[in-house]
Amino acid sequence: MNDDRLSRRGALLRLGVAAAVLAVPRAAHGATRARGATEPMSDTEIERVLRLASVPAVSMAVIDRDKTTFRAIGMRRAGEADKVTPGTVFSAASLSKPMFAYAFHGLVLDGKLSLDQPLRELLPLPNPDDAQAAGITTRHLLSHSGGWRSNLTQPLTADFAPGSRWSYSGEGFFFLQRIAEKVTGKSVGTLMHERVFDPLGMTRSSFMLTEAQEQYAASGHGNRGDPAQPFGRPTLLELRRMIASRSLGADAPMVADAEQAVRTAEPTLPVLPNFLPANVAGGMYTTTEDFAKFLAHLVNARAAGGRPAAIVQQMWSPQVRCNESVQWGLGVGLEDIGTQRHAWQWGDNPGFKHVFFADAQNGRAIAVFTNGDRGARVYERVIRAQQGQDHPAFLWS
C-alpha cells in the first residue's frame, strides 16, 4: 500500500465515514451491536460512501450455501441514468485468476499437466540464461512464488529461488495460459467456456469484452469519479477485426493473435501480458450474477464431492506464507480468522476495484464489484458491515 493510498484513507476517516459505516454502526440510544452480529449498511449509507469515495456504483453478491442475494447501487457511468444491476458487466481484473486456476486444475486432474513439472519441459523459458527459472513449476506460478515480474530493461527473470517467498505475478499466470493453450490446442476463451462458464450457466462472462457485452457494461472511473479512457481499446478493436476476418467467434483468439493485435494497433506499447486482451491474469469480463455462480460452486464443492471437491481442496492448499494471517494457495489467497479460513482475491484494474471472500467450510461467500479507482474504500466498509468482522487481507493487500 503506498503513501498516497494511506493519506486518502486517512482523509476519509477524518470526514467521519468510519462512524457512519464501519462494522459497528450505532443503534438507538448510542448502543453498539455485539461483535459478530451482522447489520448490513442501508442503501442510504452505501450511497453516501460512494459519493465520498467518488465511486459511481457498487454491485455485490452474498452466498449462503444454496441461497444467493444481490444488491446493486449506483450508476454504470457517472452523469448518465443507467443504473447498475446484478447483470451489469464489469472488468473483473484479477478475479480472473481464481477462475482460470479452477480450469487449470481440471487439466491437472485429467493428466494433461503436473503441478511439479518444470516449466522448461512444457515451453521455452522467457530468459534461457536465467538459472533460477529452470526450477519454476506450475505450482510456483499458481501460488505467486515463481519470482517473475516484468522489467522493460531485460527478459523476464526470476527475482528469487522458486518457492522461497511470495511475490504477486500476473506474468506467471499468463505463462500458465500459454501452457494451457499448448496442451489443449484451444484458446483460453474456448477453454473457459467448456470448463467453467457453460457448465455453471455464466452467460455474460468472457475473457475478451464482446460487442454483445458492451451494452451491459459499466465504465471505469478515476480517483475523482470521472469516466476513464477504456484500457487497451485500440488493441481490443483490432483483435475483434482480426477474428472477424477469419470468420471466427469471440472466444477464438490465441496468445499469438493478441500479441499481433498490440503490434498493429498500439505499436509503441511493449508486447507484455498487461497490454493483451484475452488474458487470464486480468482480462475477464463478468457480472456479479455470473461470478456468484462460480463462488457458490466453490463453497458447495466439498459437500457435493467428486471432481469439484478435489479441485477446491487443491486450490485451498497453503503453499507460501505472506504474514501471520495470510498465505497463498494454488490460485487463491488464504486468510485465517480464528478457525475460519477464507479463500480470497482482489481485483485492481484501472477504474475497477473488486474483492471476494469464500468460506468453503461453511458454504458462504461474498463478492463486491465497484467501478471506481477508490473502490477498495467502498468494498472494505460494505463487507465489514455485512459480515460483522474485519479481514486481515484488507490490511495486507
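Here is a conversation about how some features of this predicted model get their names.

Visitor: Let's start with the sheet. What makes the strands β2-β1-β10-β9-β8-β7-β6-β5 an open sheet?

Guide: The 8 strands line up in that order, with antiparallel pairing. At the edges stand β2 (67-74) and β5 (320-321), and each has a single partner strand, so one side of each is left without a neighbour in the sheet. In general, strands of a sheet pair through backbone hydrogen bonds, either parallel or antiparallel.

Visitor: How do you know that β1 and β2 count as paired?

Guide: Pairing calls for at least two bridges between two strands. β1 and β2 have 8 bridges, in the antiparallel sense, so the requirement of at least two is met. As an example, Ala57 stands opposite Gly74 in β2. The two strands form a hairpin with 2 residues between them, and Arg65 in that turn has a positive phi of about 55°.

Visitor: What joins β1 to β10?

Guide: There are 7 bridges between these antiparallel strands, so by the rule of at least two bridges they pair as well. Ala61 has Ala367 as its bridge partner in β10, while Asp64 stands opposite Arg364.

Visitor: And what links β9 with β10?

Guide: Strand β9 (residues 352-359) and strand β10 (residues 364-370) pair over 7 bridges, again antiparallel. Lys353 stands opposite Thr370, and Asp359 has Arg364 as its bridge partner. These strands form a hairpin too, with 4 residues between them; Gly363 in the turn has a positive phi of about 70°.

Visitor: Why is β10 described as largely enclosed by the rest of the structure?

Guide: Of the 7 residues of β10, 6 are buried, so the description fits. Ile366, which lies in this strand, is an example: its relative accessible area is 0%, and buried means under 20%, so Ile366 is buried. Leaving out residues up to four places away in sequence, Ile366 touches Met60, Ala61, Val62, Leu295, Val355, Phe356, Phe357, Ile383, Gln386 and Gln387. Gln319 is 47 residues apart from Ile366 along the chain, and their C-alpha atoms are separated by 24 Å.

Visitor: What makes β1 mostly covered?

Guide: In β1, 7 of its 8 residues are buried. Ser59 lies in this strand, and its relative accessible area of 0% makes it buried.

Visitor: How do you know that Ser59 and Thr288 make a polar contact?

Guide: Their side chains are joined at 2.9 Å, and the cut-off for a pair of N or O atoms is within 3.5 Å, so the distance qualifies. Thr288 is also among the residues in contact with Ser59 beyond four places in sequence, together with Arg71, Ala72, Thr85, Pro86, Phe90, Ala367, Val368 and Phe369.

Visitor: What makes the phi of Ser54 worth pointing out?

Guide: Most residues other than glycine have a negative phi. Ser54 has a positive one, near 60°. This residue sits in the loop between α3 (43-53) and β1. Ala278 also has a positive phi, of about 55°, although it is not a glycine; its place is the loop between α10 (255-265) and β4 (284-286).

Visitor: Why is Ser54 called partly exposed, and why is Ala278 called buried?

Guide: The limits are under 20% for buried and over 50% for exposed, with partly exposed in between. Ser54 has 21% relative accessibility, so it counts as partly exposed. Ala278 has 8%, so it counts as buried.

Visitor: Where does α3 lie relative to the strands?

Guide: α3 lies across β1 and β2, and runs at about 50° to β2.

Visitor: At what angle do α4 and α6 pack, and what is the hand of their crossing?

Guide: Helix α4 (residues 96-109) and helix α6 (residues 170-184) pack at about 35°, with their axes 11 Å apart. The crossing is left-handed. On the α4 side the contact is made by Lys97, Phe100, Ala101, Phe104 and Leu107; α6 contributes Gly170, Phe173, Leu176, Gln177, Ile179, Ala180, Val183 and Thr184.

Visitor: What kinds of residue make up that contact?

Guide: They divide into 9 nonpolar, 3 polar and 1 charged. Gly counts as polar here and Lys as charged, so Gly170 falls in the polar group and Lys97 in the charged one.

Note on methods: Residues numbered from 1 in each chain as written. Predicted model: local features only at pLDDT ≥ 70, side-chain atom pairs only at ≥ 80, totals over all residues. Heavy atoms only, no water. Axes fitted to C-alpha atoms, helices over the stretch in contact; angles between N-to-C directions. Left-handed = near helix turned anticlockwise from the far one by under 90°. Contact = heavy atoms within 4.5 Å. Buried < 20%, exposed > 50% of the residue type's maximum accessible area, 1.4 Å probe, protein only. Polar contact = N/O pair within 3.5 Å; in protein donor to acceptor, adjacent residues only side chain to side chain.
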